[in-house]
Amino acid sequence: MNYKLWLDWPERQLPDFSTLGDPDITGVKNNFDLVDIDETLNHYALLLETTLKVDKEEEYTFKASTDDGSKLYVDGELLYDNDGAHGPITKIVSKTLSKGKHDLRLEYFDCDKGQSINFLYSTPTISWREINDKLLAEEDKATDKTFFVKPQIDEALARFNAWKGSDEVMAFPIVTDVHTAGRFSYKHIGHAVILANAFGCDFMENFGDIGLNAYPATENSVYAKEIVDNVRAQMMKYDGVWLYTPGNHDWDAGEGKFFTDEDLSGFFQKPWQEKAGDNLHLTPGKTYGWYDVPGKGIRVIFLNSQGTGTQNGSYYLFDEPQIEWLQALLDSTPADMPVLVTAHYMPHPLGRWTNSNPAEDALKGNERVMDILSAFAAKGTLIGMVTGDAHVNMHTEENGVNYFISQGYGWVVPDLMLPGTTHAFFDYKENLCIDVFAVKPSAREVHTFRVGAGGEAFDCVFGY
């Protein structure tokens, strides 16, 4: 689709685009969104136009959330008016479209502070999706997969295949700290699906911090729920099983009105129960459980490092019922079954942000988790514990336990990084930042492969 952008629009409402003269910037985009629009810009007007090819007559429903104002025209008819300077406001409109070509035009402007366009459509036979799936011209179907996703996947895949050889391995991509609220990094979840299929991964895991308690999701429950829809739609592109560990930024959305453990499990765990069958064990009403990877004989335990969420002001909390559950599960796990423990937050001290240290009760819980893992490592087969949260990379071994943090898409302040951690600085619009975590049981070896930011320099190898 074509776009035209005019800089320095001073008003708090949409312009009459026919009076603006030549645009300052023109180009081709993939969807009605702000991807590739410089995030530092403010006070601009944007016109997006494309042609939608309709295969059969149906009622088309368009859902658009914009910050600031927008108007949608279909075949020259104004379908909705969402003008004015405001935070994210959603409009849902429907129109029956005949078979053939239809012109879509989205007018948008940004005033100041937040800026966003989330645009989806659906029909009785088509689930919610972006326009890109139905673009008329084949060349307009090209996405940034050809720009950076596929080359970065191919580069890491070559390293993976050379290491794997003919050996059997278990592998999964770590999606963590995407921090979707207010930006479009959620699309990297879809990129990770492409990666998982290329690597032949056994499952995928989302380590949380989707970004539900960040502006503007904290102030707009509709917007927060749309983030859930967007993230889950990307996850649903994968035909296999997803595991999920809740992050500290997955609570408090929409004026603090949701989410509960039950909500988060319903959004990001239960949809994959039928595919996983008896191999996936979800704890009723909670967000922790385990997954026995089919054909690999490896048990992956996923924990909730937020405990009771924001209750009592506690983050980074492995609460008492969960700690007792973990102890009982490991006691019943065969000593020769390799176990990998995953969570959003790393209980090892290297996982702590210096500006957000856990409360005293959380620190005691962290120590207990580490003690339980050390005891199991002494008698069983523990691959290690893997987390996100800290926005850095780290591997260390203590008391027989490997601790590994995967960086993800979050920012980091260099002066706050603890010794023993590293971070690859990058632009998420041009780089993937995903670690493929691969286990080779025959050699009792783990190899992580960085796809995108940092490349091979951020690979990590350790034994267990």
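**Exercise 1. Is E360 buried or exposed, and what is its relative accessible area?**

Solution. Start with the ground rules. This is a predicted model, where local features need pLDDT of at least 70, side-chain atom pairs count only at pLDDT 80 or more, and totals for chains, interfaces and linings use all residues. Residues are numbered from 1 along each chain as its sequence is written, and side-chain values use heavy atoms, with hydrogens and water left out.

Step 1: learn the classes. Buried means under 20% relative accessible area, exposed means over 50%, and partly exposed lies in between (1.4 Å probe, protein chains only). The areas come from the Shrake-Rupley method with a 1.4 Å probe, and for residues only the protein chains shown count as cover.

Step 2: apply them. E360 has a relative accessible area of 53%, so E360 is exposed.

Step 3: place the residue. E360 lies in helix 8, residues 360-379. Helices (H or I, at least four residues) and strands (E, at least two) are DSSP runs, numbered from the N terminus.

**Exercise 2. Find the negative surface patch that includes E360.**

Solution. Step 1: set the rule. Patches are made of residues with over 30% relative accessible area and no salt bridge; like charges are joined within 9 Å, and nonpolar side chains (Val, Leu, Ile, Met, Phe, Trp, Tyr) within 5 Å. Lys and Arg count as positive and Asp and Glu as negative, while His and the chain ends are not counted. The place of a charge is NZ of Lys, CZ of Arg, CG of Asp or CD of Glu.

Step 2: list the members. E360, D361, E367 and D371 form the negative patch.

**Exercise 3. Which residues make the nonpolar surface patch of about 280 Å²?**

Solution. Step 1: name them. The patch is made by W411, V413 and L416.

Step 2: look at V413. This residue sits in the loop between strand 20 (401-405) and strand 21 (433-440). Its relative accessibility is 32%, so V413 counts as partly exposed.

**Exercise 4. Describe the surroundings of S65.**

Solution. Step 1: locate S65. It is in strand 4, residues 58-67.

Step 2: check the cover. S65 is buried because its relative accessible area is 0%.

Step 3: list the contacts (heavy atoms within 4.5 Å). Neighbours within four places in sequence are left aside; S65 then touches P88, I89, T90, S116, I117, N118, Y223 and E226.

**Exercise 5. How many salt bridges are found in the whole structure, and which parts of the chain do K440 and D167 link?**

Solution. Step 1: recall the principle. Side chains of opposite charge can pair when their charged atoms come close. A salt bridge is a side-chain nitrogen of Lys or Arg within 4 Å of a carboxyl oxygen of Asp or Glu.

Step 2: take the total. The search finds 15 salt bridges.

Step 3: follow K440 and D167. Their closest N and O atoms are 3.3 Å apart. The pair links distant parts of the chain, 273 residues apart: K440 is in strand 21, and D167 is in the loop between helix 1 (145-164) and strand 11 (170-175). K440 is buried at 6% relative accessible area, whereas D167 is partly exposed at 30%.

Step 4: follow K379 and D331. This salt bridge has its closest N and O atoms 3.6 Å apart. It joins helix 8, which holds K379, to helix 7 (residues 320-332), which holds D331, across 48 residues. K379 is exposed at 52%, and D331 is partly exposed at 48%.

Step 5: follow R450 and D435. Here the closest N and O atoms are 2.9 Å apart. R450 is in strand 22 (residues 445-452) and D435 in strand 21, 15 residues apart. Both residues are buried.

Step 6: add a network. Salt bridges link E49, R105 and E107.

**Exercise 6. Examine the backbone at D67, D389 and R444.**

Solution. Step 1: take D67 and D68. A cis peptide bond joins them, with omega of about 20 degrees. D68 lies in the loop between strand 4 and strand 5 (70-74).

Step 2: take D389. Its phi is positive, about 75 degrees, although D389 is not a glycine. D389 lies in the loop between strand 18 (381-387) and strand 19 (394-398). At 2% relative accessibility, D389 is buried.

Step 3: take R444. This residue is not a glycine, yet has a positive phi of about 50 degrees. R444 is in the loop between strand 21 and strand 22. R444 is partly exposed at 41% relative accessibility.
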